[in-house]
Amino acid sequence: MEKGCIHLAVVLLLLQQMSSCLSIANITTDQTALLALQSQISLYDPRNVLARNWTIFTPVCSWIGVTCGLRHQRVTALNIVSMNLKGMIPPQLGNLSFLNSLNIRNNSFHGSLPMELARLRRLKMINAMSNNFTGAIPSFLGLLPNLQSLYLAFNQLSGNIPPSLFNITKLKYLRLRGNILGGEIPRVINSLCCLNFIDLQDNKLTGAIPPTMFNQSSLKQIGLTNNILYGKLPGNICDNLPNLEVLALSKNRFDGLIPPNLQNCSKLQILSLSANDFTGTIPAEIGNLTMLTSLQLGLTYLKGIFIICLAISASALKHIAFLIRQFAWF
């Protein structure tokens with residue numbers, strides 16, 4: 001019995017040592033990946049923040065911008081926002097296998113996101129906004145099953161929006177604004193059952209809005225301003241958008257009538273339809289949108305008496321943009 005206890009104690013001690021060695025090996029992998037990033041930007045770290053802090057003489061989990069999990073002591077978040085960093089993202093970053101948040105917003109990173117990031121299956125958020133990334137949006141992003149937020153706005157990305165993005169069934173926030181994206185909005189957008197926010201403004205997208213977008217009951221904000229989109233808005237536009245708060249379609253080439261059905265988007269706070277080719281009258285039903293705070297209908301061919309403001313609470317409607325290209329009062 002005593003020998004059995006001794007053997008058990010030895011086994012437990014060996015297991016503990018093996019676990020400790022494995023943990024050290026894993027955090028060394030994370031350290032190597034981050035040092036590879038540091039080497040890419042070593043010449044463009046104007047404040048020498050990373051050069052002074054990211055060293056082999058200090059624990060990885062104490063480095064600026066690095067967060068580690070309590071259980072495994074592995075890197076779970078990288079936040080190096082607004083550090084004036086310049087360089088490329090190295091493939092070694094794909095070895096941060098416990099990473100769930102990557103935030104490199106507001107720097108001067110260039111090139112493209114490396115394909116090795118597809119290995120980061122725990123990633124929930126990528127924020128690479130306001131950098132200088134070029135080329136196409138990587139299709140491998142569609143392989144990240146837990147991604148909830150993808151922010152690639154204000155870069156120089158071009159090409160079409162890859163349909164693979166709409167394989168990310170947990171995606172809630174998609175922001176691709178301020179790039180050079182062209183082509184049509186993928187029709188498979190309806191596969192994103194949890195999508196709350198889609199911002200595709202200030203690109204060069206063409207074609208009509210996929211009808212499936214108006215069936216996304218989870219949507220709260222739709223931003224398509226300043227593209228080359230055209231066609232008519234469906235008469236039942238708001239039948240399946242009970243949670244919509246922002247509808248921004250200005251500076252496109254939409255034509256036809258403004259649907260009275262917009263009143264069914266009862267939570268709308270911002271309605272922006274200016275600088276299109278709409279005709280006909282302004283639907284009085286817009287006056288039923290009692291939560292509206294911003295209404296933009298200018299630079300269109302609309303006509304009608306502006307009675308809708310009387311129906312909308314004066315305290316709620318804070319901003320009315322009614323610049324007019326051709327407006328006929330009657």
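**Exercise 1. The core around Leu 34**

Which residues does Leu 34 touch, not counting residues up to four places away in sequence?

*Solution.* The structure is a predicted model, in which local features need pLDDT of at least 70, side-chain atom pairs count only at pLDDT 80 or more, and totals for chains, interfaces and linings use all residues. Residues are numbered from 1 along each chain as its sequence is written, and side-chain values use heavy atoms, with hydrogens and water left out.

Step 1. A contact is defined as heavy atoms within 4.5 Å. With sequence positions up to four places away set aside, Leu 34 touches Trp 54, Val 60, Trp 63, Val 66, Val 75, Leu 78, Leu 93 and Leu 96.

Step 2. A nonpolar core is a set of buried Ala, Val, Leu, Ile, Met, Phe, Trp, Tyr and Cys residues joined through side-chain atoms within 4.5 Å. Buried stands for under 20% relative accessible area, exposed for over 50%, and partly exposed for values in between (1.4 Å probe, protein chains only). The largest nonpolar core has 83 residues, and those touching the most other members are Leu 34, Leu 165 and Leu 271.

Step 3. Helices (H or I, at least four residues) and strands (E, at least two) are DSSP runs, numbered from the N terminus. At least two residues of this core come from each of helix H1 (2–41), helix H2 (49–53), strand E1 (66–68) and strand E2 (75–79). H1 supplies the largest share, 5 residues.

**Exercise 2. Positive phi angles**

Determine where Ser 82 and Phe 154 lie, and state the phi and accessibility of each residue.

*Solution.* Step 1. As background, most residues other than glycine have a negative phi.

Step 2. Ser 82 is not a glycine, yet its phi is positive, at about 55°. Ser 82 lies in the loop between E2 and strand E3 (86–87). Its relative accessible area is 29%, so Ser 82 is partly exposed.

Step 3. Phe 154, also a residue other than glycine, has a positive phi near 60°. The loop between strand E8 (149–151) and strand E9 (156–160) holds Phe 154. Phe 154 is partly exposed because its relative accessibility is 35%.

**Exercise 3. Strand pairing**

In what order do the 4 strands of the open sheet stand, and is the pairing parallel or antiparallel?

*Solution.* Step 1. Two strands pair if DSSP finds at least two bridges between them. The order of the open sheet is E13-E15-E17-E19, and the pairing is parallel.

Step 2. Strand E13 (206–207) and strand E19 (277–278) are at the edges; each has a single partner strand, so one side of each has no neighbour in the sheet.

Step 3. Strand E15 (residues 228–232) pairs with strand E17 (residues 253–256) in the parallel sense over 3 bridges. Lys 232 stands opposite Asp 255 in E17.

Step 4. Parallel pairing is also found for strand E5 (residues 108–111) and strand E7 (residues 132–136), joined by 2 bridges. Gly 111 has Phe 133 in E7 as its bridge partner. E7 in turn pairs with E9 in the parallel sense over 3 bridges, and Ala 136 stands opposite Ser 158 in E9.

**Exercise 4. Disulfides and free cysteines**

How many disulfides are there, and what is the pairing of the bonded cysteines in sequence order?

*Solution.* Step 1. A disulfide is taken as a pair of cysteine sulfur atoms within 2.5 Å. By this rule there are 2 disulfides.

Step 2. One disulfide joins Cys 61 to Cys 68, with an S to S distance of 2.1 Å. The torsion about this S-S bond is about -95°, so the disulfide of Cys 61 and Cys 68 is left-handed. Cys 61 is partly exposed because its relative accessible area is 28%, whereas Cys 68, at 15% relative accessibility, is buried.

Step 3. Another disulfide joins Cys 238 to Cys 265, with S to S at 1.9 Å. This link of Cys 238 and Cys 265 is left-handed, with -100° about the S-S bond. The pair connects distant parts of the chain, 27 residues apart: Cys 238 is in the loop between E15 and strand E16 (246–248), and Cys 265 is in the loop between E17 and strand E18 (270–272). Cys 238 is buried at 3% relative accessibility, and Cys 265 is buried at 1%.

Step 4. With the bonded cysteines of the chain numbered in sequence order, the pairing is 1-2, 3-4.

Step 5. Cys 193 is in no disulfide; its nearest cysteine sulfur, that of Cys 194, is 3.5 Å away. Cys 193 is exposed, at 55% relative accessibility. Cys 194 is likewise in no disulfide, and at 30% relative accessibility Cys 194 counts as partly exposed.
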